Amino acid sequence: MNTRITQMLGIKYPIIQGGMAWVAEHHLAAAVSEAGGLGLIGGANAPGEVVREEIRKAKELTEKPFGVNVMLLSPYAEDVARVVVEEGIKVVTTGAGNPEKYMDMWKEAGIKVIPVVASVALARRMEKYGADAVVAEGMESGGHIGEATTMTLVPQVKDAVSIPVIAAGGIGDGRGLAAAFMLGAEAVQVGTRFVVAEESIVHDNYKQRVIKAKDIDSAVTGRSHGHPIRCLRNKMTREYLKLEQEGKSFEELEYLTLGALRRAVQEGDVQEGTVMAGQIAGMIDKELSCKEIIDEMMDQAVKLLKR
Ligand code: TUI
């Protein structure tokens, strides 16, 4: 399964780890890269210097390539955008916005730029601005999502651009990987499956919540104010959705989610915290190492694609 993506990024397998906020730190990124995929450090809402430290720690754990995800809604996005250049990072993905204003700086630094898009329009625009590939992310994903599903978005993005397309959203095993290739993708981005990896530093309560999740256990909060976030149902989502239905404003709801992802990931508060996870959580039933996850995915996908 050599593709333009494996060649461009110098990786063995066409599997990229999602740049998940609070989750995608140096242990996970290094483990995914060591296993032959592309690990990512998630910049999330962290200041540039925190991301710099994470990059340096990952470099101590692996000599393989890894990337950084720049979350564009972050107040520190500009800082992180500069830090990746200063630290000699070779691959940047972006999320939750349009990265146009950073593209020239990154391209001049020789960085491969891979924006995450949730629409054909943004994919086209990114290609025009010099993106090297795009991640087409469907609304099955955890966290901040768009409207289209992976099944519908990936082939439409594939038809609209010439650069390689990476599929994301709802992919957690070799069947998902093979299906994504059938839709025209040249790699996949996997998030939720890696949340429960052995090397993931996520609190055990969070991992167990993902493992116990059933197919319809996620909810989308924030639709009414234009920032839809998929997470597993709990006390926080019930309260949030109730208040949203009552027409409460973003400002009135914000207190429910401030710091709530960190509380879930680090303190294991899976009732009042935000447990971001994709719809594929229902399929994930055990904790494995990143190497086991990737080997199993590759083995299964290769067998299916040979049929
Ligand atoms: O970015 C993500 N997923 C995320 S970011 C995140 S952290 C966060 N925390 C609190 C509030 C908001 C975010 C958690 N999960 N995925 C990539 C992604 N990007 N999905 C959808 C998009 C997207 C949506 C609209 C990208 C661009 C866009 O429009 C940009 C434009 O200007 O047209």
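This section describes the ligand site, the second largest pocket and several individual residues of a predicted model.

The ligand is surrounded by 14 residues, of which Ala 96, Val 116, Glu 137, Gly 143 and His 144 come nearest. By class, this shell consists of 8 nonpolar, 5 polar and 1 charged residues. Nitrogen atoms of the ligand take part in polar pairings with the protein. At Ala 96, the partner is a polar backbone atom, 3.0 Å from a ligand nitrogen. At His 144, a backbone N or O atom likewise faces a ligand nitrogen, at a distance of 2.9 Å. At Glu 137, by contrast, the atom involved belongs to the side chain and is polar, with 3.0 Å separating it from a nitrogen atom of the ligand. The ligand on its own has 720 Å² of accessible area, and the protein covers 70% of this.

Ala 96, one of the residues that come nearest to the ligand, is placed in the loop that runs between strand S4 (91-95) and helix H5 (100-108). Its backbone has a positive phi, near 65 degrees, in a residue other than glycine. Ala 96 counts as partly exposed because its relative accessibility is 25%, a value between the limits of 20% for buried and 50% for exposed residues.

The second largest pocket holds about 260 Å³ of space. Its lining is made up of 16 residues, and those closest to the pocket centre are Trp 22, Glu 25, Gly 42, Ala 46 and Val 50. The lining divides by class into 10 nonpolar, 4 polar and 2 charged residues. Strand S2 (39-42) and helix H3 (48-61) each contribute at least two lining residues. The most is given by H3, which supplies 3 residues.

Trp 22, among the residues closest to the centre of this pocket, is found in the loop between strand S1 (15-17) and helix H2 (26-34). Trp 22 is not a glycine, yet its phi is positive, at about 70 degrees. With a relative accessibility of 41%, Trp 22 is classed as partly exposed.

Helix H3 also contains Arg 52. This residue has a relative accessible area of 12% and is therefore buried, the limit being under 20%. The side chain of Arg 52 forms a polar contact of 2.9 Å with the side chain of Glu 87. Glu 87 is located in the loop between helix H4 (77-86) and S4. Glu 87 is buried as well, at a relative accessible area of 9%. A polar contact of 2.8 Å links the side chain of Glu 87 to that of Arg 56. The side chain of Glu 87 is thus in polar contact with Arg 52 and with Arg 56.

Leu 232 belongs to strand S11 (residues 229-232). With a relative accessible area of 1%, Leu 232 is buried. Between the C-alpha atoms of Leu 232 and Lys 212 the separation is 11 Å, the two residues being 20 residues apart along the chain.

Notes: Residues are numbered from 1 along each chain as its sequence is written. This is a predicted model: local features need pLDDT of at least 70, side-chain atom pairs count only at pLDDT 80 or more; totals for chains, interfaces and linings use all residues. Side-chain values use heavy atoms; hydrogens and water are left out. A residue is near a molecule or strand if one of its heavy atoms lies within 4 Å of it. A polar contact is a pair of N or O atoms within 3.5 Å; within protein, one must be able to donate a hydrogen and the other to accept it, and residues adjacent in sequence count only if both atoms are side-chain atoms. Accessible areas come from the Shrake-Rupley method with a 1.4 Å probe; for residues, only the protein chains shown count as cover. Ala, Val, Leu, Ile, Met, Phe, Trp, Tyr, Cys and Pro count as nonpolar, Asp, Glu, Lys and Arg as charged, and the others, Gly among them, as polar. On a 1 Å grid over the protein atoms alone, a cavity is a set of points where a 1.4 Å probe fits but cannot get out, and a pocket is an open set with protein on both sides within 12 Å along at least five of seven lines; lining residues have an atom within 4 Å of a point. Grid points are joined across faces, edges and corners, and a volume is the space filled by probe spheres set on the points. Helices (H or I, at least four residues) and strands (E, at least two) are DSSP runs, numbered from the N terminus. Buried means under 20% relative accessible area, exposed over 50%, partly exposed in between (1.4 Å probe, protein chains only).
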